[in-house]
Each structure stands twice: as C-alpha cells, then as structure tokens.
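Reader: Hi! I would love a close look at how side chains pair up in this model, with the charged contacts and the aromatic ones taken in turn. Could you walk me through them slowly?

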Amino acid sequence: NKARLKSAQNEPAKAIEEFEKLATLYPQTPQAHFELASAYRRNNDRAKAESSLTRTLNLDPNHIDATILLAQITMERGDSSSAISMLRALLKKNDQIPKAYLLLADACNMRGANDDVVAVFHQMAAAFPRSPEPGFLAGLALQQAGKFAQARKEYESSIARDPHYVRTLEKLVAMDIQEKQYASASQRVQKEIAANPSVPETQYLFAQIQMAQGANAQAEGLLSKIIDTYPNYRPAYMALSQLFISQNKPQLAIEKLQNILARRTNDLSVLMQIAMVHESMSHTNEARDIYENILIIDPGFTPALNNLAYLYSEKLNQPEKALTFAIKARELLPADPYTQDTLGWILFKKGDYVQAAALLDESAPKLINEPEVQYHTGMAHYMMGNEAPATVAFERALNGNHDFPGREDARRRITMLTF
C-alpha cells in the first residue's frame, strides 16, 4: 500500500524502492514483480520493466495484466511480431479480454496488415456477441484504409447489435452526409432522438445534418437549444461558433448573443459562445476576460476552466496559470477527454512527458477523429522514445485532410520515424 501511495503521489523513485523491497521479501509472489514492473514502466525504464514482467510470467504464465504490459513494451521497441504471438496465445487461453484484442489490433496495424486488424475485431465480435464495439472498430479500420463500402457493412452490423450505440451512429451519419444521403441520415437520427430524447450527441448529429444542407437557421436553433440544455457539451459550442464564422459575420453574431444576454443576465452558455467567437477573431484578451467573468459567476464551470487553460498556455504564455485551471477542470470532470487533452498538453509543454502521455492516452481513443489530440499523444510518446505508439498517433492525426496546429510537424516526425 505504501508503494502504491508513492506511485499515486507521482514519486516514481520512491515507489520503485518500495516495490523492490516487496519483490525481495516475496520473491515467489507474481504480483510483487508485476507491481515493480509497472513502477519501472511509469519511470520509463523499459528494460527493467520487461525483466520484471518476464519474472512475473515465469511464476504465473496466466497473469493477464503482465502479458498485456509485456506486449505493450515489446511493441514500443518495435517488435510487433512478438507482441502478436503473446497476445494470440493469451486469447487462445482466455477469449474474454477486450484489452488484448485492442492491443493485438494495434500490433497488426503496426505491420500495416489491415486485413489482420479487421480479422481481430471479427474474432472479438464472436467472443462478445452482444457488443457493438467490435463492428465499430472493424468499420473504423476499413474506413481508414479507404474501404468505405466494407466499412459501412461493419457499422451496420454494429448498430444492429445496439441501435443506441452513438459512436457507430455518428459514423453512419457522417457517411450519409458525405454521400449526400440527407434523408437517410435524418431518418436514423430522428428515430434515435425519439427513443432517447435526452442524449445531446444525437441532437448534435441532427444539427450537423442541417449544416451540411446549408440550413443554417435551423442548425443555429438546434445548437443553441443543446447548449442551453447541456451547458457542458463542448462540441455544440464549437459548432455554433464555426457556424457564425462560416457566415463571415462574427461581430453580428456577438451582437445577437448579447441581445440574448440582455434578456437572460449571466447566462453562462451565451457568455461561452461570445467568448469563443472572440477567440475565433483572435481577440484573446476579450475572450479571457469573459471566461474569467464566467468563473466569478460559477467557479466550477468546466468549459470556461478548460478554455482558459488553453488560452493561458497557447496564447498568453502563462503556463502556471494554465496548469492551475487545467487541473481544476480535470478534477471536476476526470473522465472528460477534452480536459484530459488540455492538461496532458500543458504537462507536455512543461516537460512532464510521462504524466502527459498517461492523460493523452486516455483522451485519444475517445477523440479518435480529433487530429490535434492524436498529434498531442504522438508528441508525448515521441519525446519518450516510444516510437510505435508515436507512429500510430501521428498516422491518426494525418488521416484525412483536416488542418490543425502541428500538422506539418506531425508529417515531418512520422517521416523520421519511418525512415
């Protein structure tokens, strides 16, 4: 317990010292060696971690966590073949380990074996016949490979297992929009809204369909309603701000929002929209002042905390202030991928790559279509010398034509990694 406490308190050297004592006192206890390996791993000492994991598996060949961690480390040093062998052997003994399938798919992806990646998710689907996740992941792999018709089939199989699985619904709607099948997209989303009217993601999808058709007034009304009902749902803020910018009338947008504010004093959602429009116009100080005013009204309003952290880090060059706001946002919404990304990137810029990577690794899978988040994750691993996960993250960041800060840097670094 003392060793785990040191680890939790971000004291890796002391944690290692305590775990080494435990491993010496209990040399035949697999868990003692596994905990020591995990501590070495957190301290970025892969060689010692691998040695302790080998010891763990000699004592207990069926230790699931040790096998998975050893496979991860093996992949980090570029040996995807050994990782694949380990993980396939593990799944042969126990096919109910979701994390093993995900890691095996990543190992196959490292080899550029897209068909093998899809086969892994098919195997996962057979092991978990009620889960929509394998079909979603197979569709994602096929879509990234440009196999859109096959991807759609996988997404349809996923949604058939769970009609309310939003991640798959988002993909199918995006494909419908891309193919200009607006009626099909609307039908999907309206059916889900009728079944689950209190889910902001599906209402947001309906607004996206309106925007894709150029129905800006309808989209604006839908997004405003989402923000009013779900003030912590950040994508709606982003979409509404982008809608205003796309109309080339940011100042008019601010005036309209201020008219609403005159009727609804201290409306936090409206203040957030005004601040974000100022951000889009590079009015950094005005945006900062509004965010800080929001926090006077509600010190725990997470969107303002998170956006302030970003401004102080990226625009105002005040990293300590940025860190304070980011930590508070993370404490209030620990599982939110945006707060994870913001805090992770601030820690990265302070040189704390281990803690940054831990947070960004949590954020990246939840924001798979956010290239900047994938870039942040790639950079954290790149700076630690973890070439395999860095390469995967950079590839995800560059998948598609989306522009983002760091795109050219990601392209340059992935060229170096694959040279």
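Author: Happy to; what follows starts with the charged pairs, moves on to the aromatic rings and ends with a patch on the surface. Please keep in mind that this is a predicted model, so the distances and angles below are values computed from predicted coordinates.

Let us begin with charge. Side chains of opposite charge can pair when their charged atoms come close. The structure holds 19 salt bridges, and a good place to start is R41 with E76, where the closest N and O atoms are 2.4 Å apart. This contact links distant parts of the chain: R41 sits in helix α3 (residues 30-42) and E76 in helix α5 (residues 64-76), 35 residues apart. How buried or exposed are the two partners? With a relative accessible area of 7%, E76 is buried, because buried means under 20%. R41 comes to 22% relative accessibility, so R41 counts as partly exposed.

E76 has another partner as well. R46 forms a salt bridge with E76, and here the closest N and O atoms are 3.9 Å apart. That value falls inside the cut-off, because a salt bridge asks for a nitrogen within 4 Å of a carboxyl oxygen. This pair, too, joins distant parts of the chain, with R46 in helix α4 (residues 46-59) and E76 in helix α5, 30 residues apart. R46 is partly exposed, at a relative accessible area of 23%. Taken together, E76 in helix α5 is bridged to R41 of helix α3 and to R46 of helix α4.

Elsewhere, the side chains of D289 and R288 meet in a salt bridge at 3.1 Å, N to O. D289 is partly exposed, with a relative accessible area of 42%. There is also a network of salt bridges, which links R152, E156, D176, E179 and R188.

Now for the rings. The count comes to 11 aromatic pairs. One of them is W345 with Y375: the ring centres lie 6.0 Å apart and the planes meet at 50 degrees, so this pair is tilted. W345 belongs to helix α21 (residues 337-349) and Y375 to helix α23 (residues 371-383), so the contact ties together parts that are 30 residues apart in sequence. Both residues are buried: W345 has a relative accessible area of 12%, and Y375 has 8%.

Next comes the pair of F348 and Y353, with ring centres 5.3 Å apart and planes at 50 degrees, so this pair is tilted as well. Here F348 counts as buried at 10% relative accessibility, whereas Y353 is partly exposed at 25%. These four residues do not stand alone: W345, F348, Y353, Y375, Y382, F394 and F404 form one aromatic cluster.

Finally, a word on the surface. L22, L25 and Y26 form a nonpolar patch there, with about 310 Å² of accessible area together. L22 is found in helix α2 (residues 12-25). This leucine is partly exposed, with a relative accessible area of 32%, so L22 passes the patch cut-off of over 30%.

Key. Residues numbered from 1 in each chain as written. Predicted model: local features only at pLDDT ≥ 70, side-chain atom pairs only at ≥ 80, totals over all residues. Heavy atoms only, no water. Patch = residues over 30% accessible without salt bridge, like charges linked within 9 Å, V, L, I, M, F, W, Y side chains within 5 Å. Areas by Shrake-Rupley, 256 points an atom, 1.4 Å probe, with all protein chains shown as cover. Helix = DSSP H or I, 4+ residues; strand = E, 2+ residues; numbered from the N terminus. Buried < 20%, exposed > 50% of the residue type's maximum accessible area, 1.4 Å probe, protein only. Phe/Tyr/Trp six-rings, centres within 6.5 Å; stacked < 30°, edge-to-face > 60°.
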